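Grab a viewer and work through the exercises below. Each one sets a task and then walks through a solution.

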Amino acid sequence: MQKEFRYSTEIMADVFRIKLPLPGRKPGPVNAYLFKGEEMTLMDTGMRQSASLLRKALREHGLDFCDIRKIVITHGHPDHYGAARKIVKAGGARVYASAADQGLIESGRDISLQQYGKFLELLGVPQSVSLLLRMLSVLFQMMAGNCPVHQIIREGDEIGIGKYCAKIIETPGHSRGSICLFLEKEETLFCGDTLIEHITPNAFMMLEEKEKLPVRISQDEFYASLEKIRNLSPSRIFSAHGKAMTDAEKLIAGYKRAFALRKEKVLSIVRDGETNVYKTARRLFPDLGGLRLPLELFLAISEVYTTMQVLERERKILFDSSSGLLKVTCYEDA
């Protein structure tokens, strides 16, 4: 008879989902996963502020932070690695993550605040709003205790997690270093934020310290990663947010329809006349406001810019940053 737990739910033999709170309605609580076995493993940890709840969940299994031997981080966002440092300090667990997100996990940011401010200015973000967005970056850092990554994991690597063997699948897009864990024998995928049942994950801007504009096209990488997952044909998919999934094909098709519609809406705004990223974001999302304004604005700006990157590659719009402001026009108007 399966034992009932208050803070965790068994989803496979000796694998437990632990739901940890996050501020706001979306994407909802973050799922950390405990893999029990000779090498006790956590996949993701929640943010630093929910570490006490994570500890309660572990104690239901007669465990504490000092018993965790591995922490596998799906990507370098604070709700996924925020409590890792506390666990490492308690017992010397080793942290596994991709090289591309190592800097985020170890320092809390991938570019300096100064460079971030220059980029926002280029996108047409007013100074007062830019200040809010830079403060948001500091707030994100407060959600996580940064810690060293002890082991870099790469595409095709196989690692033991509890009683299972997992293959590393690199799935960049949501972050530059997002990974999934595929239990091939069990046809089961643990996908981080690459697939979420109730919302479309954001393909965030991949900013560079020494580049005026991002070189990598996040949306292209995201949809290439989705194709990689589709080709794996997993029977079960466990996400870092929300419910388990069984039909990757249907979900990915829905994402593609939503992105095609987003592209058309952005292009329609650009056709109305020369614009910039910030103006387009305010038109596309006119109801932004309230206490979540800085976060919602960041998400909107990121969504618009990464969509415009694809439209530029498709030769439907033109970018011109020669004046110090990234002006956006229709290709046919050039």
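**Exercise 1: a hairpin**

Strand S1 (residues 9-12) pairs with S2 in the antiparallel sense over 3 bridges. Helices (H or I, at least four residues) and strands (E, at least two) are DSSP runs, numbered from the N terminus, and two strands pair if DSSP finds at least two bridges between them. This is a predicted model, so local features need pLDDT of at least 70 and side-chain atom pairs count only at pLDDT 80 or more, while totals for chains, interfaces and linings use all residues. Residues are numbered from 1 along each chain as its sequence is written, and side-chain values use heavy atoms, with hydrogens and water left out.

Task: find the bridge partner of Glu-10 in S2, then the residue of the hairpin that takes a positive phi.

Solution.
- Step one: Glu-10 has Phe-16 as its bridge partner in S2.
- Step two: the hairpin of S1 and S2 has 2 residues between the strands, and Asp-14 takes a positive phi near 65°.

**Exercise 2: a helix with two sides**

Task: work out which residues of helix H1 (residues 51-59) are buried, and what they pack against.

Solution.
- Step one: buried means under 20% relative accessible area, exposed over 50%, partly exposed in between (1.4 Å probe, protein chains only).
- Step two: the buried residues of H1 are Ala-51, Leu-54, Ala-57 and Leu-58. Seen down the axis of H1, they fall within an arc of 115°, so they line one face of the helix; the arc is that of the directions from the helix axis to the C-beta atoms.
- Step three: on the other side of H1, Ser-52 and Arg-59 are exposed.
- Step four: the buried residues of H1 pack against strands S2 (15-20), S3 (30-35) and S4 (41-43), and against helix H3 (84-91). Contact here means heavy atoms within 4.5 Å.

**Exercise 3: an open sheet**

Task: give the strand order of the open sheet of 5 strands, and say which helix packs on the sheet.

Solution.
- Step one: the order is S8-S9-S10-S11-S12, with mixed pairing.
- Step two: S8 (158-161) and S12 (236-238) stand at the edges with a single partner strand each, so one side of each has no neighbour in the sheet.
- Step three: neighbouring strands of this sheet are turned by 30° against each other on average, direction ignored.
- Step four: helix H7 (residues 218-232) packs on the sheet, touching S9 (164-170), S10 and S11, and its direction makes about 145° with that of S9. Axes are lines fitted to C-alpha atoms, for helices over the stretch in contact, and angles run from 0 to 180 degrees between N-to-C directions.
- Step five: S10 (residues 179-183) and S11 (residues 188-190) pair in the antiparallel sense over 3 bridges, and Phe-182 has Leu-189 as its bridge partner in S11.

**Exercise 4: cysteines**

Task: count the disulfides (pairs of cysteine sulfur atoms within 2.5 Å).

Solution.
- Step one: the count comes to 0 disulfides. Cys-191 is in none, and its nearest cysteine sulfur, that of Cys-180, is 5.5 Å away.
- Step two: Cys-191 is buried, at 0% relative accessibility, and Cys-330 is buried too, at 1%.

**Exercise 5: a buried lysine**

Task: is Lys-263 buried or exposed, and what does Lys-263 contact?

Solution.
- Step one: Lys-263 lies in helix H8 (residues 248-271).
- Step two: with 15% relative accessibility, Lys-263 counts as buried.
- Step three: leaving aside neighbours within four places in sequence, Lys-263 is in contact with Thr-307, Val-310, Leu-311 and Glu-314.
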